[in-house]
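Reader: Hello! I'd like a close look at a single part of this model, with the residues around it. Could you walk me through it in one connected answer?

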Amino acid sequence: MAENPWQPLLHTFEKLSNCVQTHLSNFIGIKSTPRSSPTIQNPISSDSSPTITINSSNLQKLPLKDKPIGPVTKEDLGRATWTFLHTLAAQYPEKPTRQQKKDVKELMAILSRMYPCRECADHFKEILRSNPPRAGSQEEFSQWLCHVHNTVNRSLGKLVFPCERVDARWGKLECEQKSCDLHGTSMDF
């Protein structure tokens, strides 16, 4: 059976997600354990106090920055999406393969069709029509994405971000042994 054409993109997203999860876990004090049952150490006690086991049934009960638990808002989704995209751009190679360039362009097209907020997806589709993705290098992709983000911000009446500072704001992830670097196929079309 032929390989699923989405598999490389999903694999890259999973690697990035795992890397972000590792850093977030370290930041909030979750001990790295299998996905199904991470544990949180008591940060107040210096003795070997009991740990809290988290599973899917009680994961939603954990407070994150005192935000109310409930459905994701359009604003939260937007912030998370931009964080993901800028982080992806920061990890993008300086000399991408043809496949990596194609994947980035396809990801943008997919977002414009399948983004959970229909109004946002339609707006993004319009932006892509007038400003197609530029993914010839890490710098080019990061700058393109910053300009696109600023286009969205202007339409929402928000401040624009100085694109010359994009690397300072969304620089490369700090991962052990470059485990967060994007690796494309060795086949260059």
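Author: Happy to! Let us begin at the second largest pocket, where helix 2 gives the most to the lining, with nine residues. Please keep in mind throughout that this is a predicted model.

The pocket itself comes first. About 670 Å³ of space lies in the second largest pocket. Besides helix 2 (74-91), the elements that give two or more residues to its lining are helix 4 (118-130) and helix 5. The lining has 25 residues in total, and those nearest the centre are Gly-78, Trp-82, Cys-120, Val-152 and Leu-156.

Now for the chain that holds this pocket. The protein chain contains six helices and three strands, and along the sequence they come in the order α-β-β-β-α-α-α-α-α. Of the 189 residues in the chain, 31% are buried. The chain exposes about 13,300 Å², with carbon and sulfur atoms supplying 57% of that area. If you take the contacts between residues at least 6 apart in sequence, 54% of them join residues at least 24 apart.

Back to helix 2, the main contributor to the pocket lining. The end C-alpha atoms of helix 2 are 26 Å apart, which agrees with the 26 Å that its 18 residues should span at 1.5 Å a residue. Its buried residues are Gly-78, Thr-81, Trp-82, Leu-85, His-86, Thr-87, Leu-88, Ala-89, Ala-90 and Gln-91. Two of these names, Gly-78 and Trp-82, you have already met among the lining residues nearest the pocket centre. As general background, an α-helix has 3.6 residues a turn, so residues three or four places apart point the same way.

Helix 5 is the next piece of the lining to visit. Helix 5 covers residues 138-155, and its 18 residues reach 26 Å from the first C-alpha to the last, close to the 26 Å expected at 1.5 Å a residue. The buried residues here are Gln-138, Phe-141, Ser-142, Trp-144, Leu-145, Cys-146, Val-148, His-149, Asn-150, Val-152 and Asn-153. What covers them includes helix 2, helix 3, helix 4 and helix 6 (166-169). After helix 5 comes Gly-157, with a positive phi near 75°.

Two residues of helix 5 deserve a closer look. The first is His-149, which counts as buried because its relative accessibility is 12%, below the 20% cut-off. Leaving aside neighbours within four places in sequence, His-149 is in contact with Trp-82, His-86 and Trp-170. With His-86 there is also a polar contact from side chain to side chain, at 2.8 Å. Both Trp-82 and His-86 are on the list of buried residues in helix 2.

The second is Ser-142, also in helix 5. With a relative accessible area of 4%, Ser-142 is buried. Not counting residues up to four places away in sequence, Ser-142 touches Ala-89, Ala-90, Val-166 and Asp-167. Ser-142 and Thr-87 are 55 residues apart in sequence, yet their C-alpha atoms lie 9.1 Å apart in space.

That leaves helix 4, and with it helix 3. Helix 3 (residues 98-114) has 17 residues and reaches 24 Å between its first and last C-alpha atoms, close to the 24 Å expected at 1.5 Å a residue. Buried in helix 3 are Gln-99, Gln-100, Val-104, Leu-107, Met-108, Ala-109, Ile-110, Leu-111 and Ser-112. In helix 4 you will find Lys-125, which counts as partly exposed because its relative accessibility is 26%. Lys-125 is in contact with Ser-112 and Arg-113, once its neighbours within four places in sequence are left aside. Lys-125 and Arg-113 are twelve residues apart along the chain, and 7.5 Å separates their C-alpha atoms.

Glu-126 also has its place in helix 4. Its relative accessible area is 49%, which makes Glu-126 partly exposed. Between the C-alpha atoms of Glu-126 and Ser-112, 14 residues apart along the chain, the separation is 8.7 Å.

To put the picture back together: helix 2, helix 4 and helix 5 each give two or more residues to the pocket lining, and His-149 of helix 5 is in contact with Trp-82 and His-86, among others.

Note on methods:
Residues are numbered from 1 along each chain as its sequence is written. This is a predicted model: local features need pLDDT of at least 70, side-chain atom pairs count only at pLDDT 80 or more; totals for chains, interfaces and linings use all residues. Side-chain values use heavy atoms; hydrogens and water are left out. Helices (H or I, at least four residues) and strands (E, at least two) are DSSP runs, numbered from the N terminus. Buried means under 20% relative accessible area, exposed over 50%, partly exposed in between (1.4 Å probe, protein chains only). Contact means heavy atoms within 4.5 Å. Accessible areas come from the Shrake-Rupley method with a 1.4 Å probe; for residues, only the protein chains shown count as cover. The expected span of a helix is 1.5 Å times one less than its number of residues. A polar contact is a pair of N or O atoms within 3.5 Å; within protein, one must be able to donate a hydrogen and the other to accept it, and residues adjacent in sequence count only if both atoms are side-chain atoms. On a 1 Å grid over the protein atoms alone, a cavity is a set of points where a 1.4 Å probe fits but cannot get out, and a pocket is an open set with protein on both sides within 12 Å along at least five of seven lines; lining residues have an atom within 4 Å of a point. Grid points are joined across faces, edges and corners, and a volume is the space filled by probe spheres set on the points.
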